[in-house]
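Please open the structure in your viewer and keep the selection tool at hand. The tour below proceeds stop by stop, stating what to select and what is to be found there.

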Amino acid sequence: CIRDRGLNSKQRIRDSFPAFLGLVRRQLRQEYREEDLGTLGLSIFTSFDPLLQRQIERSTTAVMDQLDAGGELQSATVVTRFDTGEVAALVGGRKASYAGFNRALDARRPAGSLLKPAVYLAALEQSRKYSLATPLRDTPVQVKAAGGQLWEPRNFDRQAHGEVLLYRARAKSYNLATARLGMDLGLETVVDMLARLGIEREVPRVPALTLGAGEYSPMDMAALYQTIAAGGFRMPLRSIRDIVDAHGEPLKRYPLEYDRTVSLQAVHLLHYALRAVVREGTGRGVYRYLSDDFEVAGKTGTTNNGRDSWFAGFSGDLLAVSWIGRDDNGGTGLTGGSGALKVWGHFMARASTRSLGYRMPDGIQTQWIDDRSGYLTGKGCPNSRMLPFIAGSEPRQSTNCSPRKSGIKDWFQSLFGSDT
């Protein structure tokens, strides 16, 4: 275990980890004047973890050198312990020791599909209308935007996939289904969910918000996914634990603060969908780095013309949000899965020690459903899949197929053991 140390007493930390120190200073300036910080002799005790810091630096260098030997791309990552809201490590640029532009805090970029979980979470809170088995239409959509212009989103593969179940639309990151769902919910519902998840900056109230429009930093995305990972508890991301004055007397403590802002049951269903992303969707590349029995949840993000590559995800002990892009906002040639996911996976494989556990909360039950129609079915029946549901939200229609002994056990069943 590495104990936290007062940063003011450690010159080498000031020199070696400028991005993390930038976060500390920014949070200090909210309560202290700049001149006081240099004269009061304060000792600042932080959540900084040098082992995690060194590992995310090594992972960033290893992956970026592989992806971009010419050095034209930049990267930033925020690492937190999501059970406490503490920032443990921070990379603000490809050269971690360079005290320049801190992209983890100050880069403002569209988030792409990283924002989609807010849309699905807003839907899953309306359990009388939506569940993981609700059919959604992944078909072309046109929405009249401001100025009379038509907004016509497209899927990444330029294909429409017809009627798909909600969990699959989430796992495959289908833009058309997500846009339709967001419009059905209403933009104000999506905006409200983003605020409840921790997005404090103003977001654009335009249809493209459902697909990640706006300007967000990696720190913003870490705050959003922090709330999701913590089961719907919003916790301010913090880098400071205690402040001690020049005489060694405690001056201020920063205890854990949290507030439930989202339904636990709805977040539980979203966790299933984010696990599906890495098991069978756009994030399945993480298992080129992780062992198959190590459970994680995550989401890829890619913005228009490949300008931004994102990945956000969490294990049982750590959450990390990684971004790759160009400072001139040019194209990277990368998707979330071919870029930022690699930084995340390389880091998590070497830093995380705890697999994401599974505990079904009260008010949730599992049902076997037909993966094509969304109807109730029996275990071992054609296209059968086990899904969690908020009690009372399970499908009403049935395939009338009785349970069978045969059948393929999927990743979700394995969380329950062999008797499910």
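By class, how many nonpolar, polar and charged residues does the lining of the largest pocket have? The lining has 10 nonpolar, 20 polar and 11 charged residues. Please bear in mind throughout that this is a predicted model.

**First stop: the largest pocket**

The largest pocket holds about 1,100 Å³ of space. To find its centre, select Phe 156, Asn 175, Thr 302, Thr 303 and Asn 304, which are the closest to that point among the 41 lining residues. Next, select residues 297-302, which form strand E12. Strand E12 supplies 4 residues, the largest share of the lining of this pocket.

**Second stop: the five-stranded sheet**

Keep strand E12 selected, for it also belongs to an open sheet of 5 strands. The order in this sheet is E3-E2-E14-E13-E12, and the pairing is antiparallel. Why is one side of E12 left without a neighbour in the sheet? Strand E3 (86-91) and E12 stand at the edges and each has a single partner strand, so one side of each has no neighbour in the sheet. From one strand to the next, the twist of this sheet averages 10°. As a general point, strands of a sheet pair through backbone hydrogen bonds, either parallel or antiparallel.

**Third stop: strand E14 and its partners**

Select residues 319-325, which make up strand E14. Is E14 mostly covered or uncovered? The strand is mostly covered, since 7 of its 7 residues are buried. Leu 319, Val 321, Trp 323 and Gly 325 point one way from E14, while Ala 320, Ser 322 and Ile 324 point the other way.

Now add strand E2 (residues 74-81), which runs antiparallel to E14 and is joined to E14 by 7 bridges. Within this pair, Thr 77 stands opposite Ser 322, and the bridge partner of Ala 76 is Trp 323.

Then add strand E13 (308-314). E13 and E14 pair in the antiparallel sense over 7 bridges, and they form a hairpin with 4 residues between them. Gly 313 has Ala 320 of E14 as its bridge partner.

**Fourth stop: helix H10 and the second largest pocket**

Select helix H10 (218-229). This helix lies across E2, E3, E12, E13 and E14, and runs at about 150° to E14.

H10 also leads to the second largest pocket, where 4 residues of H10 form the largest share of the lining. Helix H2 (18-28) likewise supplies at least two residues of that lining. The volume of the second largest pocket is about 780 Å³. Of its 27 lining residues, select Gln 27, Gln 30, Glu 200, Pro 236 and Leu 237, which lie nearest the centre. By class, this lining has 11 nonpolar, 6 polar and 10 charged residues.

**Fifth stop: the three-stranded sheet**

Finally, which strand stands between E1 and E10 in the order of the open sheet of 3 strands? The order is E1-E9-E10, with antiparallel pairing. Select strand E1 (43-46) and strand E10 (250-253): they stand at the edges with a single partner strand each, so one side of each is left without a neighbour in the sheet. The twist here averages 20° from one strand to the next.

Add strand E9 (residues 240-244), which pairs with E1 in the antiparallel sense over 4 bridges. To see one bridge within this pair, select Thr 46 together with Ile 240, its bridge partner in E9.

Note on methods:
Residues numbered from 1 in each chain as written. Predicted model: local features only at pLDDT ≥ 70, side-chain atom pairs only at ≥ 80, totals over all residues. Heavy atoms only, no water. 1 Å grid on protein atoms, 1.4 Å probe; cavity = no way out; pocket = protein on both sides within 12 Å on 5 of 7 lines; lining within 4 Å. Points joined across faces, edges and corners; volume = space filled by probe spheres on them. Nonpolar A, V, L, I, M, F, W, Y, C, P; charged D, E, K, R; others polar. Pairing = 2+ DSSP bridges. Axes fitted to C-alpha atoms, helices over the stretch in contact; angles between N-to-C directions. Contact = heavy atoms within 4.5 Å. Buried < 20%, exposed > 50% of the residue type's maximum accessible area, 1.4 Å probe, protein only.
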